[in-house]
Number of protein chains: 8
Amino acid sequence: MKTEVRTILENVKNGDMSVEDALLKLKTEPFEDLGFAKVDLHRKIRQGVAEVIYGASKTPEQMIGIMDTMIKNGQDRILITRLSPEAAGIIGKVHSIDYRANARLALYGGLPEPTGIGNIVVATGGTSDIPVAEEAAVTAEVYGNKVVRLFDVGVAGLHRLLAHKEEIMEASVIIAIAGMEGALASVIGGLADCPVIAVPTSVGYGASFHGLSALLSMLNSCASGVSVVNIDNGFGAGYLGSMINHMGV
Amino acid sequence: MKTEVRTILENVKNGDMSVEDALLKLKTEPFEDLGFAKVDLHRKIRQGVAEVIYGASKTPEQMIGIMDTMIKNGQDRILITRLSPEAAGIIGKVHSIDYRANARLALYGGLPEPTGIGNIVVATGGTSDIPVAEEAAVTAEVYGNKVVRLFDVGVAGLHRLLAHKEEIMEASVIIAIAGMEGALASVIGGLADCPVIAVPTSVGYGASFHGLSALLSMLNSCASGVSVVNIDNGFGAGYLGSMINHMGV
Amino acid sequence: MKTEVRTILENVKNGDMSVEDALLKLKTEPFEDLGFAKVDLHRKIRQGVAEVIYGASKTPEQMIGIMDTMIKNGQDRILITRLSPEAAGIIGKVHSIDYRANARLALYGGLPEPTGIGNIVVATGGTSDIPVAEEAAVTAEVYGNKVVRLFDVGVAGLHRLLAHKEEIMEASVIIAIAGMEGALASVIGGLADCPVIAVPTSVGYGASFHGLSALLSMLNSCASGVSVVNIDNGFGAGYLGSMINHMGV
Amino acid sequence: MKTEVRTILENVKNGDMSVEDALLKLKTEPFEDLGFAKVDLHRKIRQGVAEVIYGASKTPEQMIGIMDTMIKNGQDRILITRLSPEAAGIIGKVHSIDYRANARLALYGGLPEPTGIGNIVVATGGTSDIPVAEEAAVTAEVYGNKVVRLFDVGVAGLHRLLAHKEEIMEASVIIAIAGMEGALASVIGGLADCPVIAVPTSVGYGASFHGLSALLSMLNSCASGVSVVNIDNGFGAGYLGSMINHMGV
Amino acid sequence: MKTEVRTILENVKNGDMSVEDALLKLKTEPFEDLGFAKVDLHRKIRQGVAEVIYGASKTPEQMIGIMDTMIKNGQDRILITRLSPEAAGIIGKVHSIDYRANARLALYGGLPEPTGIGNIVVATGGTSDIPVAEEAAVTAEVYGNKVVRLFDVGVAGLHRLLAHKEEIMEASVIIAIAGMEGALASVIGGLADCPVIAVPTSVGYGASFHGLSALLSMLNSCASGVSVVNIDNGFGAGYLGSMINHMGV
Amino acid sequence: MKTEVRTILENVKNGDMSVEDALLKLKTEPFEDLGFAKVDLHRKIRQGVAEVIYGASKTPEQMIGIMDTMIKNGQDRILITRLSPEAAGIIGKVHSIDYRANARLALYGGLPEPTGIGNIVVATGGTSDIPVAEEAAVTAEVYGNKVVRLFDVGVAGLHRLLAHKEEIMEASVIIAIAGMEGALASVIGGLADCPVIAVPTSVGYGASFHGLSALLSMLNSCASGVSVVNIDNGFGAGYLGSMINHMGV
Amino acid sequence: MKTEVRTILENVKNGDMSVEDALLKLKTEPFEDLGFAKVDLHRKIRQGVAEVIYGASKTPEQMIGIMDTMIKNGQDRILITRLSPEAAGIIGKVHSIDYRANARLALYGGLPEPTGIGNIVVATGGTSDIPVAEEAAVTAEVYGNKVVRLFDVGVAGLHRLLAHKEEIMEASVIIAIAGMEGALASVIGGLADCPVIAVPTSVGYGASFHGLSALLSMLNSCASGVSVVNIDNGFGAGYLGSMINHMGV
Amino acid sequence: MKTEVRTILENVKNGDMSVEDALLKLKTEPFEDLGFAKVDLHRKIRQGVAEVIYGASKTPEQMIGIMDTMIKNGQDRILITRLSPEAAGIIGKVHSIDYRANARLALYGGLPEPTGIGNIVVATGGTSDIPVAEEAAVTAEVYGNKVVRLFDVGVAGLHRLLAHKEEIMEASVIIAIAGMEGALASVIGGLADCPVIAVPTSVGYGASFHGLSALLSMLNSCASGVSVVNIDNGFGAGYLGSMINHMGV
């Protein structure tokens, strides 16, 4: 950014650019010229990895259109989240996708080689949390991480969790996913020595209040190193997990 | 109860009691004559054990008066809960009491010998939960139970809890007390094979919302055999624990 | 458990097992060898009683598969809760089950003889609470308890409840199930002298807020000996009731 | 009211009042002249009964000033609610008042003879509810009702309530006051055959959430004839009770 | 009631009834013999009026069965609330009913002559509140009250409400029904001088939170004489309104 | 208004109107004669602009009937909000309407020329907020405002918002519409120097709690000049925006 | 703003400023030079009006320091909100301020002449709302508006409000301030034809839940033209009111 | 861990340890011998860094005792959080501490050299958030991070935040701390390309509901890479920030 503004200024000094033009340029193109670097960095970071489409509120036709544009622009890896089987069926007739029904997402262009610091462990309290967990896991894989899945290791059967102590101890990042009482995040947070991303799920009934119970439980975790994302936000956890697992890489 | 109503009826039959008197008796003393057995059973159960005074909204003078009456009626063991040190000081000048500052309760007449099936384990997540835990523990002791205290064994440091696996496995009843995320109840419920009484506490800050987080967490416990009492209700947990530990005794 | 670890150690001492093999065994089978006794006890307790399948989030095919495995392993009694009539129809073509439409559960292998201390009374405030009540009642029966059903004895018509005073006074455990204002638990808690497990239900409308009103009401019960499980959690209440009714047995 | 407007109109017709004056009068004194009858009725109803001052947010000096005005205008009975002992002390030096510390209210001019249809029963679940109950009771008395107090008859000890079945059955209106689980309103609503005004109180701790639990419980009452006022609103209940007890009188 | 118990006692005295039979009678029929007068009074009050069936959770067949029994026992007026058009169609083939689609209720046996002190005004804030209002209005009519309907007189168009000032001033009881902000109850409470029963409705969207906004608003009404029933509880308001309108009658 | 009451009074004075007739007139037509000017002003303001029908709870037939009446009375512009495509299809067969599917509203009579002080900017955080935004925008247009649409300028991509700094700085009124975290209102409120009307939407999932999160966020905005309307209330925002944009016009 | 950036550019062109200095200037003072116009506009608007200090979390010394700086920079009018009497006393020793105890704010430099379109009416439901109302009123006055105060005109006494119909009808903007049920905003919104800014207050008890009841009520207002600010936010309402009252001025 | 268990086994094999002793060792010291590696890792990680004491619920004497033990065990750096000035004064007489009043914490042993990947930016919305921010910042510093403080850069004055775009773009981890509407996290999350830890604070009034508004806002952030910790949990954010900033180091 500095360079660009300096260039404008030097052009003005040299008479290569009129004051009017410089003024206009500084005012009308703020995010390209004044440099919200994120745009550029973002673009760079994503190169060769994946572009994401949030499928929940889009028609299959809209998504096909977006994919067309992306592919035309050289994007060779696309992730579509919250995608119904029906919509996947329609899209699949146009583009070659790998639809994961249990995660309700589709992959275009396959998974890249893992490049992160270590493994991302994705653990769930029960089997009903798996859709959210798969969204997190595949997101992490799409962004270049090796994922270890530990499903159905809820704290009510501690031995199942402790049987995987080693994977937990060796993880680079752990994504702990649970509904109901959400205690998994605290227990894992106490065992592990790496950042733990807690994802409350809307799994449960009665006083689970659609994930509120798990959410509050996770926010109150006594274990250090635990932070929380929105209820059922598997994508957000997978993305943040990847970000942390690529720190300094 | 049956006997008493029968006696009245037989007295009427025999002419020993007039219809008017019987009618009056049946109408005016329902809970003694028509037999809400609880009163009697209650009395029996409490014999030699303890009468309880809820001290929170009473003046020292009122409590001394109640104690006077109880003692005059032969009660030789009294428990006063939610008692401030100041009030305890005033009462202590009149009656010989054992004040437990960390539980904010006082004992008159000492503790009885334990008579229950087994031990009641009272476990807490942290040290701040100890006042509630002591209220539960001393209540259980006053009602004739052997109590094992496992304080500060929260799930964020699982090894501390697991170091006491044996006490947990051998308990007759467990009272699991925790604030913040309240995960202790689920973890203990998963380890133990006895009834677990969960007590959420108001310990915490922020999104603990004065115990709501722990309460919801405990109600959603995936472990079987867990039930919940009101936030900070140590007495209720101790009383219920004693009731269960004396089943069939 | 102790025995098993000792055996391994003795085998190592005797040279019957290499250090590597022992290490592997201790590491890879922690919940069988290192002994989270619950597993074993659990197994013992359940012998001849019942294995439970939570049917809510499983396909009929999955449930048939689980049943196959259980039956092959000698399990002769299975309880499937939260089972739709449609799923029951499919399962019923493969395994001989007794489907209880009003409790939305199925039994395989029939009910055992009662073995508990006394009766478990299952009481409801209204007729709409019956599905939850039947889930509790049949669960208790499957675990070997004699159940007395007192349905539609809500506190707004106190005479209906008091007509059953005797059953209430004689119960070993009472499961009080109510939606709306949930006052049943307190009234029964005041009448009875045994543990009362309160189950709030989502029955109601408006300010019942899907069971929240009954839940709060039950948590605030002034009667001693009352504890609460999750909204609509009939199974949990039946299981805990059985546990308490088998104390010391 | 009709009369007054008619008088103005007739004065205009007769030339005793100019159109301008009439217009002004109709415009500037709408609530006296255009007749929101409530004002007049209100005045009538209150005659010889009592004027009320809500003391919570007023200084003793302000209250003395208001009393001065009222007394000067012929008011011979005044009720001051939510009045601290300190403020009462200051007022008592100027006006002769009867301060009821347990209801935090003061009476000036004493109580009138009862004039209602029957008795108003004021019942409380516990002793801590008495301040609210006394506010309701004295308010009802000030408005000319005979009040029967049934304190500490909570549902956890049903026999205490049933011992007063007769007072309940014979009441004209019942004010049921309770904190914690608030079940009293439902049980009384089921026993009685008269309107029941339920007053939740902020008495309790933990999941009582400052009266929310009792409030929801009372709103969900299955008993017919029950309605609810704000938490701790003893005055509102006493006033409405009096209104109902004077229907058709 | 007194008479019946006396009769039993006199029969015992006279030898016309054995002690055993009397004991059995007193024990097994407590609500008829021991006299929770409500039953009797209730019956008396309802004579010639109506029996009510809450249709929400019953099948048409169950309701027909209940109606058969009622009619056989001489009941000549029945009200079925929360009845779907489909269920009404089925019932209508067996019993002659008057189905009111806008109130979702059915009448069997027509409406009685009004017998109350005065009129019950049923007012609504909007047209969407009419189903709840009609439930309240028809309930009041079935119990013998003259009902004045003031629909769509919400406070946002105050002139519409004030156009009916006279009906409001002359009412014996007012039922104020509103969703959204629920201000109608306060405004009417300020205008009228009779008891106002406020019914919040679930009409609205967004921050109305299914009636919570109107409920809280009504509970906080600054107007004296206002009390509140559950959200959408038209029947409860109509029943209580009738009770008040028959005070002393 | 003044004029009318004066006329009545002068007629009375002149003997052109009897006292009785004047009295009747003053009493029975309060909102026409006593002058709640709003009615008149309202009528005037709307002339040539638009009448609004809230379509959510009306049948197509009812809406056609209302339109018939309006058109007969000379109304040449009608806006129907919350209108389903199906209902629009039926209405469209009778009246010539312009149905906007993305706003779920229909226009009859087209849009007027803009008459306000300046532009109303309607901005949204995401594409899912567009239905609410279009309701606001078209409402503003129907009431005579020039509208600038800035959709999908959420704060997570600040450069998109800043690219439109000029439109924001020059706006007369801004309507900021967002679900999820609702931060758009604060950021725009900080940039702009005109009134900002914030509209939370129910867009989101999990802890958005159907718009509660955005609502609270907007109410807590640190930026001056921001006020909030109900969740999803596009019409209300558009109407208020128009009102402000016509101040002093 | 444009001017300043242009000046820099022209200076660079003319060689009066080096590229380095221009770059530094553009980078280090972005909000002055790169022109988020708000700053400038803001400055203009405030000229001769007032600078505001939010006193709640500042020490008297900090506030004196801020005032010193402001005054030195030519600011001749300062408003300090949420200022305790104690802090005002300390500040008053250094700067000449006009402290308004009932609004908990202080004025330095007096009030300007009103310049808005019309009057801003500030109305309150009760006398307890006056502190918030005075904060709103004085804020509006400080920003150059004529304010009409209508205090204690709550809807429970509609005649008091209607007595001021004329002020309401003639207002340019109305600020409706109420706690408890918050109905004032809807009623005024229905009467008036100008923007209404609703301010819920934390006045009340019990189910007012510290202003939540009034807040929800106001958000659900059926009247068009009503928007809402945060609970007790008198300043925000006064500021927005002034903004609207100066539209096009 | 593997090594230790192996050593025990080899000792048993070699006869250097009896089976009994090995059994005892394996059973009684589970967290040291059976290897919850966290303990060890934890110890290692902390070497030369800092031990933490949560001061909120401890007496100065207890804290001095804990410090004594720590120092005796070679700990040369201690952090005490949530420490009142009074307690700090007492501790300061025994141990040499650096008390930071604005963060309510004390340091013993000074700060270490930074060792992380990059800078941790700690940003706050307002000046009232500084205590939480300083707790986060000093925690991060104690764990070996370079911290950049950006205080009072709330989104309502976007230019202040954008003036620090460079620090934000270059950060390794950002801790975004805000009360009220909590929008800071989203805006920063949109600008930055590193993990953002959002800390809601209880700063605010009215509808901020003690941090709930900010909490929900942050959980709903549309920006990727944002996760949330408990309200006011500065320590947790600082600790997690350090953990992330040391990934792979």
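In helix 11 of chain C, the buried residues are Ser213(C), Ala214(C), Leu215(C), Leu216(C), Ser217(C), Met218(C) and Leu219(C). The structure is a predicted model. Helix 11 of chain C spans residues 212–219 and is mostly covered, with 7 of its 8 residues buried.

**Ser213 of chain C**

Ser213(C) belongs to this helix, helix 11 of chain C. Its relative accessible area is 0%, and because buried means under 20%, Ser213(C) is classed as buried. Leaving aside residues up to four places away in sequence, Ser213(C) touches residues of chain C, namely Met180(C), Glu181(C), Ala207(C) and Ser208(C). From chain D, Ser213(C) touches Leu216(D), Ser217(D) and Asn220(D). With Asn220(D) there is also a polar contact: the side chains of Ser213(C) and Asn220(D) are joined at 3.0 Å.

**The open sheet of chain D**

In chain D, 4 strands form an open sheet with mixed pairing, in the order 1-2-4-3. Strand 1 and strand 3 of chain D are the edge strands, each pairing on one side only. On average, neighbouring strands of this sheet are turned by 15 degrees against each other, direction ignored. The residue ranges of the strands are listed below.

| Strand of chain D | Residues |
|---|---|
| Strand 1 | 51–54 |
| Strand 2 | 78–81 |
| Strand 3 | 98–100 |
| Strand 4 | 105–108 |

Strand 1 and strand 2 of chain D run parallel and are joined by 4 bridges. Glu51(D) has Ile78(D), in strand 2 of chain D, as its bridge partner. A helix also lies across part of the sheet: helix 7 of chain D, residues 130–142, crosses strand 2, strand 3 and strand 4 of chain D. The angle between helix 7 and strand 4 of chain D is about 15 degrees.

**Chain A as a whole**

Chain A contains 12 helices and 9 strands. Of its 249 residues, 61% are buried. The contacts of chain A can be viewed by separation in sequence: among those between residues at least 6 apart, 67% join residues at least 24 apart. The area that chain A exposes is about 9,100 Å², and 51% of this area is supplied by carbon and sulfur atoms.

How values were computed. Residues are numbered from 1 along each chain as its sequence is written. Chains are lettered from A and ligands numbered from 1 in the order in which they are written. This is a predicted model: local features need pLDDT of at least 70, side-chain atom pairs count only at pLDDT 80 or more; totals for chains, interfaces and linings use all residues. Side-chain values use heavy atoms; hydrogens and water are left out. Buried means under 20% relative accessible area, exposed over 50%, partly exposed in between (1.4 Å probe, protein chains only). Helices (H or I, at least four residues) and strands (E, at least two) are DSSP runs, numbered from the N terminus. Contact means heavy atoms within 4.5 Å. Accessible areas come from the Shrake-Rupley method with a 1.4 Å probe; for residues, only the protein chains shown count as cover. A polar contact is a pair of N or O atoms within 3.5 Å; within protein, one must be able to donate a hydrogen and the other to accept it, and residues adjacent in sequence count only if both atoms are side-chain atoms. Two strands pair if DSSP finds at least two bridges between them. Axes are lines fitted to C-alpha atoms, for helices over the stretch in contact, and angles run from 0 to 180 degrees between N-to-C directions.
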